[in-house]
2 protein chains.
Amino acid sequence: MNVTIKDVAKRANVAPSTVSRVIADSPRISKETKERVWKAMEELGYYPNAIARSLASKVTNTLGLIMPRSTEEAFSNPFFPEVMRGISVVAHREKYDLLLSTSGNKEEEKEAVIRMVKGKRVDGIILLSSRTTDELIPWLRDEKFPFVVIGKPLDARGVYWVDNDNIGASKLATNYLIKHGHREIAFISGSLEYVVSLDRLDGYKLALEENGLTFKRELVEQEEFSEDGGYRAMMKILERAKPTGVVVTDDVMAFGVIRAAIDKGFRVPEDISIVGFNNIPLSAFANPPLTTIDISTFELGIKSAELLIARLKQKEIESDHIIVPVKLIERKSCVSR
Amino acid sequence: MNVTIKDVAKRANVAPSTVSRVIADSPRISKETKERVWKAMEELGYYPNAIARSLASKVTNTLGLIMPRSTEEAFSNPFFPEVMRGISVVAHREKYDLLLSTSGNKEEEKEAVIRMVKGKRVDGIILLSSRTTDELIPWLRDEKFPFVVIGKPLDARGVYWVDNDNIGASKLATNYLIKHGHREIAFISGSLEYVVSLDRLDGYKLALEENGLTFKRELVEQEEFSEDGGYRAMMKILERAKPTGVVVTDDVMAFGVIRAAIDKGFRVPEDISIVGFNNIPLSAFANPPLTTIDISTFELGIKSAELLIARLKQKEIESDHIIVPVKLIERKSCVSR
DNA sequence: CACCTATATGAAACCGATTGCATCCGTATT
DNA sequence: AATACGGATGCAATCGGTTTCATATAGGTG
């Protein structure tokens, strides 16, 4: 079998508890004993069993990551890897590992969370995005389990979250088109099941209102978060209206929107201007290069991990949420009219 | 405290061992008892503690994922998320979770593996790419720990691996340029520390040889796997030679190569043709759209996870390695001469 | 009717750590 | 000299399961 704490104890002529204390570098153990134990560990090639340690101490040094939708789908939108990149930088710095749940749909997602929480496999959880109908958030809150949500939840009472100012960001995008002389501005978002979609719709409406433009239902469409989703949404809008500008809340969708516009015989940006969201790497290389709202995706990951870990370490936390700034990246997908 | 197996046992008037057997759905327990126990579990809201279970059974139902280089860097090349997408599909299907190590450099990477293996946190490991100097592979082999490598290792004895035929793929790319009349063909790869770079260099040499072209050292350059790396490599080559075609073993690097060519006053593809590798999503949208070797990244993930799990389940395995096919995607970054 | 054999369940050891409490010893205090 | 005290370490319970082996009961056999 493997080398255990008992073998080390025997070799160093001490009790297992002493070895345990040496591992934790407890000040209660004398320098000499520590050295004897270290030597024994070295000689035997001892390495602590993390599982046993977790069982006894109830700490795993692991963070759980819950992807929305299927894990497969999540990895195909560059937003998620980028968020994970941020999370992993902090996790590494703070010596945490990351446990990825692999789920296929909403039920399995719930199950994955239960597996992590009730199975005591993680110390805390990061939800990579929040739905309006999310049962997870109330459930985690009731369980009093530490978690952080990326994306402001509908009901934010007692939950820690990290997000952009989505209403503001959407106003920014819409105002940009308005300032460039557009008056018929369409708005395409992902499913209204996601809070982020709702907020951005609100921002769009506010911008119109503040500029004395009327909101027209036929200029608004929701679809799946994908290139095809964007394509379908734009097709539907073009069949019933004639926008000169479009705000699309996801760059991947925006590519579909451009494709639809071209298929319908419009030129981008000459006939239709487009503003996207997220500033994914592809956006700079698209044809035309996409004007988009950079939401600091990497930073969202960083901040969410920091917030969660601060909570786990019972550090003083200034606020239960963090707003990450956005900025507009001007490229070539918009023209003045 | 939490509900444990003992609470359930008490409530159902059985011994803890019986409850354990009910959880495992052992045929040794009578239908009636099972039902009584299930009811008790239901009523108490019992959920098994995965950590305790792992400790006793020595099974974690978790696969460890080891990224090369820093975790942060890995997430910024679309290759890795795509591989992970494949892995996560299989992991989910087979009911495994994924543990991500977060490391910053080679030493930490080794440490992360030790933490996983010696800490008994995972049942098996997938190495997302192999270095020539990799100490990990011999170490894991000596430990007799189940693992699979994406990318054929230099010394493949006793190692399970999944890869493309990199020599063939590189010949394919080089031959494509040769067939289009190119004779001065440059070759840019990532560090020769990676086996994949070596193999592709070999494929390039072979293609030259088979077509009676001479290999010229000044047409070959290695650099870091990044857009900047590609830029620097191409700059160095253009200062000493005049290629009409370039094989670049990574699309992200290829973007840098294009940028360098343009900065030096060349047009792509009119003056210099370029073939990339990986077919990342961006490639189709680049300017010009990139002709590239599609290496079925997703499939690499799928196969590696399947191979590992088959090994864990002691299934019959036909071969200790799997070759995933490649194909050339023709776009607009090459012209005939 | 004594003996054997399944079948169903329980008792207890074990997995490899952590931790509260007890103990031992040497030195300072009164 | 008796008491107190603090430092260093050990004992044993505990975390929440799994698994081996033993036992009890019922039914079958000669």
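This note goes through a predicted model in numbered points, taking the contact between the chains, then the two DNA strands, then a sheet in chain A.

1. Contact between the protein chains. In this predicted model, 44 residues of chain A are in contact with 44 residues of chain B, and the two chains bury about 4200 Å² between them, with 63% of that area lying on carbon and sulfur atoms. Within the area that chain A buries against chain B, A:Tyr47, A:Ile51 and A:Asp97 supply 15%, which is more than any other three residues contribute.

2. Surroundings of DNA strand C. There are 27 residues around DNA strand C, and those that come nearest are A:Ser20, A:Arg21, A:Asn49, B:Thr18 and B:Thr33. Of the atoms of this strand that come within 4 Å of the protein, sugar and phosphate account for 60%. Sorted by class, the surface near DNA strand C has 12 nonpolar, nine polar and six charged residues.

3. Polar contacts to DNA strand C. The side chain of A:Arg21 has an N or O atom 2.6 Å from a base oxygen of DNA strand C, while a base nitrogen of the strand lies 3.5 Å from a backbone N or O atom of A:Ala52. On the phosphate side, a polar backbone atom of A:Ile5 is 2.7 Å from a phosphate oxygen of DNA strand C.

4. Surroundings of DNA strand D. Around DNA strand D there are 28 residues, of which A:Thr18, A:Arg28, A:Thr33, B:Ser20 and B:Arg21 come nearest. Sugar or phosphate makes up 57% of the atoms of DNA strand D within 4 Å of the protein, and the rest belong to bases. The surface near DNA strand D has 13 nonpolar, nine polar and six charged residues.

5. Polar contacts to DNA strand D. An N or O atom in the side chain of A:Arg28 is 2.5 Å from a base oxygen of DNA strand D. Chain B reaches the backbone of the strand through B:Tyr46, which has a polar side-chain atom 2.9 Å from a sugar or linking oxygen, and through B:Asn49, where a polar backbone atom is 3.2 Å from a phosphate oxygen.

6. Helices facing the DNA. For DNA strand D, α2 (16-23) and α4 (50-57) of chain A, together with α2 (16-23) and α4 (50-57) of chain B, each supply at least two residues of the nearby surface, and the largest share, four residues, comes from α4(B). For DNA strand C, α2 and α4 of chain A and α2 and α4 of chain B again each supply at least two residues, but here the largest share, four residues, comes from α4(A).

7. The sheet in chain A. Chain A holds an open sheet of six strands in the order β7-β6-β8-β9-β10-β12, with mixed pairing. Strands β7 (220-222) and β12 (327-329) stand at the edges with a single partner strand each, so one side of each is left without a neighbour in the sheet. Neighbouring strands of the sheet are turned by 20° against each other on average, direction ignored.

8. Strand pairing and helix packing. Strand β6 (residues 185-189) of chain A pairs with β7(A) in the parallel sense over three bridges, and A:Ser189 has A:Gln222 of β7(A) as its bridge partner. Helix α9 (residues 166-179) of chain A packs on the sheet, where it touches β6, β8 (245-248), β9 (273-277), β10 (291-294) and β12, and the direction of the helix makes about 165° with that of β9(A).

Note on methods
Residues are numbered from 1 along each chain as its sequence is written. Chains are lettered from A and ligands numbered from 1 in the order in which they are written. This is a predicted model: local features need pLDDT of at least 70, side-chain atom pairs count only at pLDDT 80 or more; totals for chains, interfaces and linings use all residues. Side-chain values use heavy atoms; hydrogens and water are left out. Two strands pair if DSSP finds at least two bridges between them. Axes are lines fitted to C-alpha atoms, for helices over the stretch in contact, and angles run from 0 to 180 degrees between N-to-C directions. Contact means heavy atoms within 4.5 Å. A residue is near a molecule or strand if one of its heavy atoms lies within 4 Å of it. A polar contact is a pair of N or O atoms within 3.5 Å; within protein, one must be able to donate a hydrogen and the other to accept it, and residues adjacent in sequence count only if both atoms are side-chain atoms. Ala, Val, Leu, Ile, Met, Phe, Trp, Tyr, Cys and Pro count as nonpolar, Asp, Glu, Lys and Arg as charged, and the others, Gly among them, as polar. Buried area is the accessible area (1.4 Å probe) that two parts lose on being put together, summed over both.
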